[in-house]
Amino acid sequence: MGANSDTARTTEVDIMKTLNTLLVDDEASALEGLSLRLGRIPGVHITAAVTSVDEAIECIAQDLPDLIFLDIQMPGKSGFDLLKQFQPEQHPAVIFVTAFHQYAVRAFDVEAVDYLLKPVRQTRLAEAVERARLRCSEPRYKAQLLNAVETLEAQSQPTTAASSSYRVEQEKLIITDGRNSGQLVPFNDIAWVDAAGDYMCIHTAAETYVMRARLKHLVENILPPEFIRIHKSTAVNVRFIKHIEALRNSEYRIDLTNEKTLKVSRTYSAALRHYLFTQSK
């Protein structure tokens, strides 16, 4: 039964028409690279590659694409501004391509097919196109996308001090790379994070996630204050610290509640001591 279903699904995708595709990115080099990668994927026809939302609007007025690869941060108007231009029953599938992971929540809120981080790997790009093919074959998709876009303006309004509404990006880390694309991990579940080149390993009690990011950016812009840097490549959630022991040369060893032991380098020991001291008052 499973094999027959897979065959039927593959056949349905194979006979689907070629996806007329519009590329929108303010960086010409990014457009060129994306065009080359999409050229290796069968059934994708690039109708235009433009560097602004206004140019994209002109292209769409002449020929509505089936799929748009869309950057978010662009001069003048953002990728989200482009989504507001579509009329009912005319909304193409959208795949966001950006260098910034912090927009992932909004992207999925507006029913984006996928959210790719630059530089885009060929395998992830092929997966995103396949997902777009399947999504375009779903009658419900355009209606869902239209309803989501209608709420975009409300989401864009600044929240007031009196507002206590739950916001995903304030409570969870958004993993947007590889097999974990779109995974939301509560900050309270993360014990520590450590760097592996241009990637970060996000450690919880149950699993280790991998995302493309820099530790400095995570600590300074994304993770809550409870995450303290203890090494040039490591930050720990102080809520998981069970025991701390002084070593030589102003270094420390900390034991976490999940039995993991980490070393605090001399460079970062003062910051950890300061945080623990101020919190104990």
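Which residue stands opposite D255 in β15? The residue is T261. This pair is one detail of a predicted model, and the report below proceeds from the chain as a whole to its sheets, a helix, an aromatic pair and some backbone features.

**The chain as a whole**

The chain has 281 residues, of which 40% are buried. Its secondary structure comes to eleven helices and 15 strands. Among the contacts with a separation of 6 or more, 55% are between residues 24 or more positions apart. The accessible surface comes to about 15200 Å², and carbon and sulfur atoms account for 49% of that area.

**The sheet of three strands**

D255 and T261 belong to a part of the chain where strand β14 (residues 252–256) pairs with β15 over four bridges, in the antiparallel sense. These strands are part of an open sheet with the order β13-β14-β15 and antiparallel pairing. Strands β13 (241–246) and β15 (261–264) stand at the edges with a single partner strand each, so one side of each has no neighbour in the sheet. On average, and with direction ignored, neighbouring strands of this sheet are turned by 25° against each other.

**The sheet of five strands**

A second open sheet has five strands in the order β10-β9-β8-β12-β11, again with antiparallel pairing. Its edges are β10 and β11 (227–231); each has a single partner strand, so one side of each is left without a neighbour in the sheet. From one strand to the next, the twist averages 25°. As a general point, strands of a sheet pair through backbone hydrogen bonds, either parallel or antiparallel.

The table lists three of the antiparallel pairings in this sheet, each with one pair of opposite residues.

| Strand pair | Bridges | Opposite residues |
|---|---|---|
| β8 (residues 190–196) and β9 | six bridges | W192 and H203 |
| β9 and β10 (residues 208–212) | five bridges | Y199 and R212 |
| β8 and β12 (residues 234–237) | three bridges | W192 and V236 |

W192 of β8 thus appears with two partners: H203 in β9 and V236 in β12. How many residues lie between β8 and β9 in their hairpin? There are two residues between these strands, and G197 in the turn has a positive phi of about 70°. The hairpin from β9 to β10 passes through three residues.

Is strand β9 (residues 199–204) largely enclosed or largely open? Five of its six residues are buried, so β9 is largely enclosed by the rest of the structure. Helix α10 (residues 215–222) lies across β8, β9, β11 and β12, and runs at about 155° to β11.

**Helix α3 and its two sides**

Helix α3 (residues 53–62) has three buried residues, V53, A56 and I60. Why do these residues line one face of the helix? Seen down the axis of α3, they fall within an arc of 55°, so they line one face. On the other side of α3, the residues E58, A61 and Q62 are exposed. The cover over the buried residues includes β1 (19–24), β2 (44–50), β3 (67–70) and α4.

**An aromatic pair**

Helix α4 also contributes to the one aromatic pair counted in the model. The ring centres of F80 and F96 are 5.3 Å apart and the planes stand at 45°, so the pair is tilted; angles under 30 degrees would count as stacked and those over 60 as edge-to-face. F80 lies in helix α4 (residues 79–83) and F96 in strand β4 (residues 93–98), so the pair ties together parts that are 16 residues apart in sequence. Both F80 and F96 are buried.

**Backbone features in loops**

K118 and P119 are joined by a cis peptide bond, with omega about -5°. P119 is placed in the loop between β5 (114–117) and α6 (122–136).

Two residues with positive phi are found in the loop between β13 and β14: N249 and S250. Phi of N249 is near 60°, a positive value in a residue other than glycine. S250 is not a glycine either, and its phi is about 65°. Is N249 buried or exposed? N249 is exposed, with a relative accessible area of 55%. S250, at 42% relative accessibility, counts as partly exposed, because the exposed class begins over 50% and the buried class lies under 20%.

Methods: Residues numbered from 1 in each chain as written. Predicted model: local features only at pLDDT ≥ 70, side-chain atom pairs only at ≥ 80, totals over all residues. Heavy atoms only, no water. Phe/Tyr/Trp six-rings, centres within 6.5 Å; stacked < 30°, edge-to-face > 60°. Buried < 20%, exposed > 50% of the residue type's maximum accessible area, 1.4 Å probe, protein only. Arc of directions from axis to C-beta. Contact = heavy atoms within 4.5 Å. Areas by Shrake-Rupley, 256 points an atom, 1.4 Å probe, with all protein chains shown as cover. Pairing = 2+ DSSP bridges. Axes fitted to C-alpha atoms, helices over the stretch in contact; angles between N-to-C directions.
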